[in-house]
Amino acid sequence: MRVLVTGGGTGGHIYPMLALIKRMKERGELEDVLFVGSKRGLESELVPKEGIKFKSLEIQGFKRKLTFDNFKTLNLFFKSVREAKKIIKEFKPDVVIGSGGYVSGAVVYAASRLKVPTIIHEQNSVVGITNKFLSHFVTKIAYVFDGAASQFSQKKKLVKTGNPRSQEVAEMTEFARLTDFGLENDVPTVLVFGGSQGSKAINDKVLDTLDVLNQKPYQVMFVTGRHYYNEVKETIANEQLEVQDNIVIMPYIDNMTAILPEITAVVSRSGATTIAELTAVGTPSILIPSPNVTHDHQTKNAQDLEKTGAAVVLAESDLNDYNFVSSIDHILLDASYAKKMSLAAKKHGINDASDRLIELMHNITQ
């Protein structure tokens, strides 16, 4: 099958598609693949590193207020549609799949005008403006969260596939051990992280409660994010904060999913990729949604897990020393509660998500 993938801007739009491509290669069903992204998006770095052919378009998002920039955006959109049509005619894909982001709007729309079978994949519980627009033109709409399905008017197009990242994580064969990071195996451990760049709010709360966490019978793996690592280390030194042996501090873990099976609970943001990884393994979580995302979709993602007992949600605005530590204590010091959360999390994971999406691709191209 010849597949054209498009999307980007954030990791949540890129990693699921990389997982899908990887699975298609494993199944021997990928004749050729082309990824079309934006020139300035994260995809321009990540995709070529995976050895996948990449082409870029110049495009930008609409401003919420009526400004001159929106006229430029409109011109760029139509220009990108024309360029996308040329790319599609040259590549001759059997199917085009978009994962969100402004660039997928132009490419998937162009494919639909050329009568190429199309799919959009919505990873979040709040549907993005691009996918809402494209839903009227595509062949099928793949989704992860049930809450997203209710936001599409094209009900007959809906297919629940899950997030391909879930299957990739569920089928991992190489794992890490806590001893690889200077901790003890078989001791309850909480992993605290705020994404690859880190979260200042989460990092500050760990530092604020360090004296309490030092005394706990569990372990803390504190991943600051590369951007904040030096700042965290300087704060510890300047304020003469003590760090006991039950706590390790690191800037980043390259393959963080490899350690998840050893982790009792995770404290993190609630992006779509993070949710997919946690539910694939069944890791209990304390989710602190980022307040700086479009339509507050991280809060909706987190609440979807909280409703079934798979996660605890703490709003960043409500975060304090007490609820931060007590939420960790509840999971780490109560094995039966942690087990219930783990089982609830696994129920959210769709561990054949890539295979479902591939089957859908076959169905619309036959």
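This report walks through two open sheets and a helix that packs on one of them.

The model is predicted, so to speak of local features a pLDDT of at least 70 is needed, side-chain atom pairs count only at pLDDT 80 or more, and totals for chains, interfaces and linings use all residues. Residues are numbered from 1 along each chain as its sequence is written, and side-chain values use heavy atoms, with hydrogens and water left out.

Let's begin with the sheet of seven strands, an open one with parallel pairing and the order S3-S2-S1-S4-S5-S6-S7. Strands here are DSSP runs (E, at least two residues), as helices are (H or I, at least four), numbered from the N terminus; two strands pair if DSSP finds at least two bridges between them. Strands S3 (53–57) and S7 (158–160) are at the edges with a single partner strand each, so one side of each has no neighbour in the sheet. From one strand to the next, the twist averages 25°; axes are lines fitted to C-alpha atoms, for helices over the stretch in contact, and angles run from 0 to 180 degrees between N-to-C directions.

Helix H15 (residues 353–365) packs on this sheet and touches strands S1, S4, S5, S6 and S7, where contact means heavy atoms within 4.5 Å. The direction of H15 makes about 155° with that of S5.

The other open sheet has six strands, paired in parallel in the order S10-S9-S8-S11-S12-S13. Its edge strands are S10 (247–250) and S13 (311–313), each with a single partner, so one side of each lacks a neighbour. Here the twist averages 15° from strand to strand.

Two parallel pairs show the bridging:

| Pair | Bridges | Residues standing opposite |
|---|---|---|
| S2 (residues 32–38) and S3 | five bridges | Val 36 and Lys 55 |
| S12 (residues 285–287) and S13 | three bridges | Ser 285 and Ala 311 |
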